[in-house]
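Trainee: Could you take me through one part of this model up close? I'd like to follow how the strands pair up, and then see what the odd spots in the backbone look like.

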Amino acid sequence: MSRYDPAATEPKWQAAWEAEGVFVARHDPARPKYYVLEMFPYPSGRIHMGHVRNYTMGDVIARYKASCGFSVLHPMGWDAFGMPAENAAMERGGHPKDWTYGNIADMRAQMKPLGLSIDWSREFATCDPEYYGQQQAMFLDMLQAGLVYRKSAMVNWDPVDMTVLANEQVEDGRGWRSGALVERKELTQWFFRISDVAGELLSALDGLKNWPEKVRLMQANWIGQSRGLQFAFSTVDAPDGFDRVEVYTTRPDTLMGASFCAISPDHPLAKHLERHDPEIAEFVADCRRIGTSEEALEKAEKRGMDTGIRVRHPFDTAWELPVYIANFILMDYGTGAIFGCPAHDARDFEFATKYGLPINPVFLPASSDPAGDEVPLAEAFVPPKTEPVRYVRGFAGAEIQTGEAAIAAAIDFCEANGVGRGVTNYRLRDWGLSRQRYWGCPIPVVHCPACGVVPERKENLPVRLPDDVSFDQPGNPLDRHPTWRDCACPSCGGPARRETDTMDTFVDSSWYYARFTAPRAPTPTDPAEADYWMNVDQYIGGIEHAILHLLYSRFFARAMHATGHLPAKAIEPFDALFTQGMVTHEIYMTRDAGGRPVYHLPEDVEEGRLRATGEAVEIIPSAKMSKSKKNVVDPVNIVRAFGADTARWFILSDSPPERDVEWTASGAEAAYKFLGRLWRMADEIAASDTPDDPEEDRALTRATHRAIADVTAGIEGFAFNTSVAKLYGFANTLSKSRAGCAARREAMGVMAQLLSPMVPHLAEEIWHMLGGEGLVAQARWPEADAAMLVEDEVTLPIQINGKRRGEITVPKDMPPAEIEKLALANEDVVRFLAGQPVKKLIVVPGRIINVVV
RNA sequence: GCCCGAGUGGCGGAAUGGUAGACGCAGCGGAUUCAAAAUCCGCCAUCGCAAGAUAUGUCGGUUCGAGUCCGACCUCGGGCACCA
């Protein structure tokens, strides 16, 4: 007897699929299509278990849908632009292009042995000129359609390296390489007008029924629609041109509690003052050293500086409020200026306390005594807006009303009295796409001294990145390129300069799903192909992309539709979204002589000790796999040791797909053992010649249909771990079955089919052993016969006061009245009741009986 | 700081508001073996001799009945617009 040998069988079946072209996506108008897509990888050079998990899940869906008769599109590509390639070039020399394409070749070679049902003929990388050239063409269309514009915006500036830094390159306010204090610097940059469709992106979330609720919520909060009042304070002692300060507030009902006005350090007034007042200049410069990330601003200590300027309260011109420049006011949100009401805002409270500003409550709890004295607040009073409160400094609406009602009344009152207007605002800002970097898609415009900003002609696309660049000094090599930068103006032909900024890599990933429908088309998309394949029926990826990537893609699909590159039905490109959890592993740590942690690879550790020295390791439980912590398990090693099916089976079992999964060596071995057991079962059943046994055969057939129903439900519901558990159960049932060989062969054949989306190589092997026709990958998915799933009898637990005290087994359709009688006669029940009268009897048919005493 | 999640045996986890712990790992016992590996069979939440009691991060609520619904809190994770 031979044995389960994945090293031999897996390549064999992969070759068979390849020879048959099983996974080539076919545009077949006669069949329904199904487009399954996993978020494409960044070509770091090594695949990791997170990739294996992501692509295995997609593969289960793709193979399952294919066997259900769909024409499946399941492509793969590479999110190939981005900073790591440039960092590698700076650290190790070489060219980002060589590094990237080398990594792609390596990763493709690591992925192919996994046996994924991918149509590799559609593969592309976003750094292919054929791809980014089409992206440039769309950029030009969007520019013409008014969807892109230029404006000034802040970047993190490293004054030593003279280069722009990404937020992740700023560590504690300092540049990661130079260590210099980072400054905010203004640059003119390109923006997509995503905020113009903020309301639309928000309301369309309701239609995304097959997206996780949490993702829709996160996007809704990110878009941040608010209704508020915008009005102007008139100023006292302000410089010329600043006789008014526009502010926006979502709490106009608290106007009578205002105690100061605060403006952003980037507000025009602050910028004016910094030019004339050294003290203010120093403070503003200090504020700008916090960097550009909202997180850093929020976490920084709240600080402000009194400008000496005053504003008049809109309801009482004699009432003056001081104007502060405050480090926590964002120029991008509202008008970049607010009024502070410390009594009802935690941040304003902290600020007012720090600078000795008045804290006057506008409302008190509804239950407070109207005649009572005002007691100083210990903290800001911020009840939910839906809770009624008693207004003591109200000016519109009832004395006792909810915040919501008071806000609406305040806006009406202000509008009626000529103090500002109600406006709907969004937190969502326009999408800045300029990056001062080399390894990205060049922005196809030219700056001409005579004509200004001129779009490149489409026939000159792609604007290719030059290859002759060096990374021996920081900054963008395009900026200092001797020839590429200088060009002729496409409009007047005079000397001009190319735009040296490249595009945010989020642009690349905002339309790759559309390109997969026609990856070699001479235009960004092909209308017939886009019409057939769009939308993505199932998109799968990490929750870390819940907001930015998915929101940008939703916007970009709309922009593509507006410029004629996608049909109207594709403006929401992802019909269903699934967000999977991470793959984690224990961390093994010892300490060096200085007490600093030293990490060790899993393969160097055995039973809690280092293999080499026997030294005991400290075990830190389940953390995200990362190189620096050395808790990575390389899929290549797993596939080499156990085969792809074992890696796939393990990654699907145990943990629900949306949760993190902990990789354990024992779990991987268990997966391998189980697959070996299935192999032996098939081998034994194929050779068996036991006679039929009507009763046993029938029981096995029922179990088979139960397995079909349960495994299918698991796949449909994205609960692969429960499908796996059901397959374990079915295997246990089958191995114990006394049914005849015909019935067992039948059952084992169904087993092969149910296994095929998850462990496709083994499934083919079993299918083949049993004499199945063709490839199981092309067999029709089995259907469960509903009649086979019905049980004749049910066991009902009996509870007394909600605690389980006994059970009865009754025919499935016994009337409740009879069940009641049987339940009350049950000896456990009689004993527990001990003669107590029954107050209530609840019979839930087919479920439970509860006796209340 | 703000937004969004997740917490169930020794471990991973299962459970349309209806028997908490399916299935797997580890562990324990047995079979097979000269012996071991591999394999096969059985046991396995905790406390208790038992009857039973206690158990789904903590505290409270709704319900005949709560892991599941509601409120507060704790811990861990994701995101915060130039990481991808």
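Mentor: Here is a walk through the strand pairings, followed by some unusual backbone spots. Keep in mind that this is a predicted model.

Let's get our bearings before zooming in. Chain A holds 26 helices and 36 strands, and its C-alpha trace spans about 105 × 85 × 65 Å along the principal axes. Of its 853 residues, 53% count as buried.

Now for the part I'd like you to look at closely: the open sheet with the strand order β21-β20-β23-β22, which has four strands and antiparallel pairing. Its edges are β21 (452-455) and β22 (486-488), each of which pairs on one side only. If you turn the model, you'll see that neighbouring strands here are rotated by 45 degrees against each other on average, ignoring direction. Go to the middle of that order and you find β20 (residues 445-448) pairing with β23 (residues 495-498) over two bridges, in the antiparallel sense. One pair to pick out is His-447, whose bridge partner in β23 is Arg-497. What holds such strands together? Strands of a sheet pair through backbone hydrogen bonds, either parallel or antiparallel.

This sheet also leads us to a backbone oddity. In the loop between β21 and β22 sits Pro-462, and the peptide bond from Leu-461 to Pro-462 is cis, with omega near -5 degrees. Another cis bond joins Met-534 and Asn-535, with omega about 5 degrees; Asn-535 lies in the loop between α15 (527-533) and β25 (538-542). These are worth a second look because most peptide bonds are trans.

For a second sheet, try the open one ordered β14-β15-β16, which has three strands and is antiparallel too. Here β14 (363-365) and β16 (400-402) are the edge strands; each has a single partner strand, so one side of each has no neighbour in the sheet. The twist from one strand to the next averages 50 degrees. Three bridges tie β14 to β15 (residues 388-391), and Phe-363 stands opposite Tyr-391 in β15. Helix α12 (residues 403-416) lies across β15 and β16, at about 95 degrees to β16.

Next, find β33 (residues 793-800), which is joined antiparallel to β34 (residues 803-811) by eight bridges. Pro-797 faces Glu-807 across that pairing. The hairpin has two residues between the strands, and Asn-801 takes a positive phi near 50 degrees there. β33 also pairs with β36 (residues 848-852), this time in parallel and over three bridges; in that pairing Gln-799 stands opposite Asn-850.

That positive phi brings us to two loop residues. Asp-654 is not a glycine, yet has a positive phi of about 70 degrees; you'll find it in the loop between α18 (644-652) and β32 (661-662). Phe-718 has a positive phi as well, near 55 degrees, and belongs to the loop between α20 (694-716) and α21 (720-736). Which of the terms buried and exposed fits each of them? With a relative accessibility of 62%, Asp-654 is exposed, whereas Phe-718, at 9% relative accessible area, is buried.

Terms used
Residues are numbered from 1 along each chain as its sequence is written. Chains are lettered from A and ligands numbered from 1 in the order in which they are written. This is a predicted model: local features need pLDDT of at least 70, side-chain atom pairs count only at pLDDT 80 or more; totals for chains, interfaces and linings use all residues. Side-chain values use heavy atoms; hydrogens and water are left out. Two strands pair if DSSP finds at least two bridges between them. Axes are lines fitted to C-alpha atoms, for helices over the stretch in contact, and angles run from 0 to 180 degrees between N-to-C directions. Buried means under 20% relative accessible area, exposed over 50%, partly exposed in between (1.4 Å probe, protein chains only). Contact means heavy atoms within 4.5 Å.
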